[in-house]
Amino acid sequence: MAKILVATEKPFSKVAVDGIRKVTEEAGMELALLEKYTEKAELLQAVADADALIVRSDKVDAEVIAAAPNLKIVVRAGAGYDNLDLEACTRAGVVAMNTPGQNANSVAELVFGLLVMAVRNFYDGTSGTELLGKRLGILAFGNVGRNVARIAKGFGMEVMAYDAFCPAEAIEKAGVKAASCQDELFEQCDVVSLHIPATAETRNSINAALVGKMHKGGILVNTARKEVIDEASLLQLMQERTDLKYIADIKPDMHDEYAKALAGRYFATPKKMGAQTAEANVNAGIAAAHQIVGYLKDGITKFQLNK
Ligand code: 3PG
C-alpha cells in the first residue's frame, strides 16, 4: 500500500487533514502525519518509507530526498516552491509539483488586512488615511496578484501591475493598468504589493534604489518572500525616509533592527500567515492529495515543476 506522508512544520487545519485522508484512503493509500516538527531529523526519519510527500514551506533538500528511497512524488501544497530542491528531485527520479492558485485568495486578503492596519497607523489612536482613490502597484501578476487586483477594486483603489513574464496586454485585459517596468510601478504608486517568487533573479532585488522611488507616504507590502528584500538597504532608506512604511507576512532576518529603528512604521507577522486559513488549507491540501493519487495511479504530471 502506497504511503503518503504529510509533513508540515506549520500544520494544516483539521478539516484539511480530514479531506486529505479521505482522498488518500479512497485511493487505497495510507496516510501518515508529521506535524509541528522542530528537528530536521524527525522529517528524515518520517520520509524513510514514504512513497509520496506533501509539504508546505518545509524544506525538501537533497538530504531529505536521499532519506526517502521509495519517494516518487513531492507536492508543495501552495504556490512558491523555493523550498524544494528540484535538481535533487530530478536526480532521484522524484516528480515535484506545486498547487498553483489554491491559496491565492487567502494571501490576497491578508494584503488588505495588513494594509488597512498600516494606513490606520497600526491603530495607535491617531487619524489615518483611506485606501479609496489611492494607487496600488502589484509586482507580479500571477494568481495572488490577480486576487489582490480584484479586492483593491472593491476598495476603490486604482490598480497598476508589472510582471516580467506577463505581457502588458494580458494585464490590461484584466482591467489593470500595466506599468512598463518595475521602476515605473514604484514611481507611480502609493502602495506596492510584492508577489514575486524568490529566485536567483529576484533575491535582494527590492532595494533602496527601487523603494526610494515611491511618493511620500509610500507603503511596501510583502506577502511574498523575505529573500526578495535587500534588508540592509531598505532599513537604511527607511531611516532616511521617515514617511515610508513596510508591512510583511514574514519576519525579515533583521527583524530586531527593523522593530527598533522603525517603530510605528513597520510590522511583520511572527509566522507566515498568508495561506493560513481553513479554506486555503483545504484547497491546497486536497489538491496536493489528488495530484499524488493522479500521478501514482494514472501517471498524470500536470503541475510538474521539474520537467
Ligand atoms: C505559498 O507559497 O503558497 C505561500 O507562501 C504559503 O506558504 P505556507 O504554506 O508556508 O503558508
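When I say axes for helices, I mean lines fitted to the C-alpha atoms over the stretch in contact, with angles taken between N-to-C directions. Okay, with that out of the way, hi everyone. What you see up there is a predicted model, so please keep that in mind throughout.

Let's begin with a pair of helices. The axes of α5, residues 104-119, and α6 come within 8 Å of each other, and they cross at roughly 50°. Angles of 35 to 65 degrees fall outside the parallel and perpendicular classes and count as oblique, so α5 is oblique to α6. As for handedness, α5 passes α6 in a right-handed crossing.

Who makes that contact? On the α5 side we have A104, N105, V107, A108, E109, V111 and F112, and on the α6 side N143, V144, N147, V148, R150, I151 and A152. Sort the residues of this α5 and α6 contact by class and you get nine nonpolar, three polar and two charged.

Now stay with α6 for a moment and look at what else is beside it. This helix, residues 143-154, lies across β6 (135-139) and β7 (158-162), and its direction is at about 170° to β6.

That takes us to the sheet. There are seven strands in it, the sheet is open, and the order goes β8-β7-β6-β9-β10-β11-β12, with parallel pairing. Its edge strands are β8, at 177-178, and β12, at 266-268, each of which pairs on one side only. At the β12 end, three bridges join β11, residues 245-248, to β12, and the two run parallel. If you want a landmark there, find A248: its bridge partner in β12 is A268.

Next, one residue inside that sheet. V192 is found in strand β9, residues 191-194. Is V192 buried or exposed? Its relative accessibility is 0%, so V192 counts as buried. Leaving aside residues up to four places away in sequence, V192 touches G137, L185, F186, M214, I219, L220 and V221. For a sense of distance, V192 and R225 are 33 residues apart in sequence and 14 Å apart in space, C-alpha to C-alpha.

A quick stop at the loops, for the backbone people. F122 sits in the loop between α5 and β6, and its phi is near 55°, which is a positive value in a residue other than glycine. Then there's A140, in the loop between β6 and α6. A140 also has a positive phi without being glycine, near 95°. With a relative accessible area of 10%, A140 is buried.

Let's move to another set of strands: β3, β4 and β5. Four bridges join β3, residues 52-55, to β4, and these two run parallel. In that pairing, L53 stands opposite V74 of β4. On to β5, residues 95-98: β4 and β5 pair in the parallel sense, again over four bridges. Here I73 stands opposite V95 in β5.

So where do the side chains of β4 point? In a regular strand the side chains alternate between the two faces of the sheet. In β4, residues 73-76, I73 and V75 point one way while V74 and R76 point the other way, and all of them are buried. Yes, that includes R76.

Last stop, helix α12. One residue to pick out is A284, which has its place in α12, residues 278-298. A284 is buried, with a relative accessible area of 2%. Again not counting residues up to four places away in sequence, A284 touches A77, G78, T99 and Q102. A284 and D58 are 226 residues apart in sequence, yet 15 Å apart in space, C-alpha to C-alpha.

And α12 has a helix partner too. The axes of α1, residues 14-26, and α12 come within 8 Å and cross at roughly 15°. Angles under 35 degrees count as roughly parallel, so α1 is roughly parallel to α12. The crossing of α1 and α12 is right-handed. From α1, the residues V15, A16, G19, I20 and V23 meet N281, V282, G285, I286, A289, H290 and V293 of α12. By class, this α1 and α12 contact has eight nonpolar residues, four polar ones and no charged ones.

Okay, that's my tour. Over to you for questions.

Methods: Residues numbered from 1 in each chain as written. Predicted model: local features only at pLDDT ≥ 70, side-chain atom pairs only at ≥ 80, totals over all residues. Heavy atoms only, no water. Pairing = 2+ DSSP bridges. Contact = heavy atoms within 4.5 Å. Axes fitted to C-alpha atoms, helices over the stretch in contact; angles between N-to-C directions. Parallel < 35°, antiparallel > 145°, perpendicular 65-115°, else oblique. Left-handed = near helix turned anticlockwise from the far one by under 90°. Nonpolar A, V, L, I, M, F, W, Y, C, P; charged D, E, K, R; others polar. Buried < 20%, exposed > 50% of the residue type's maximum accessible area, 1.4 Å probe, protein only.
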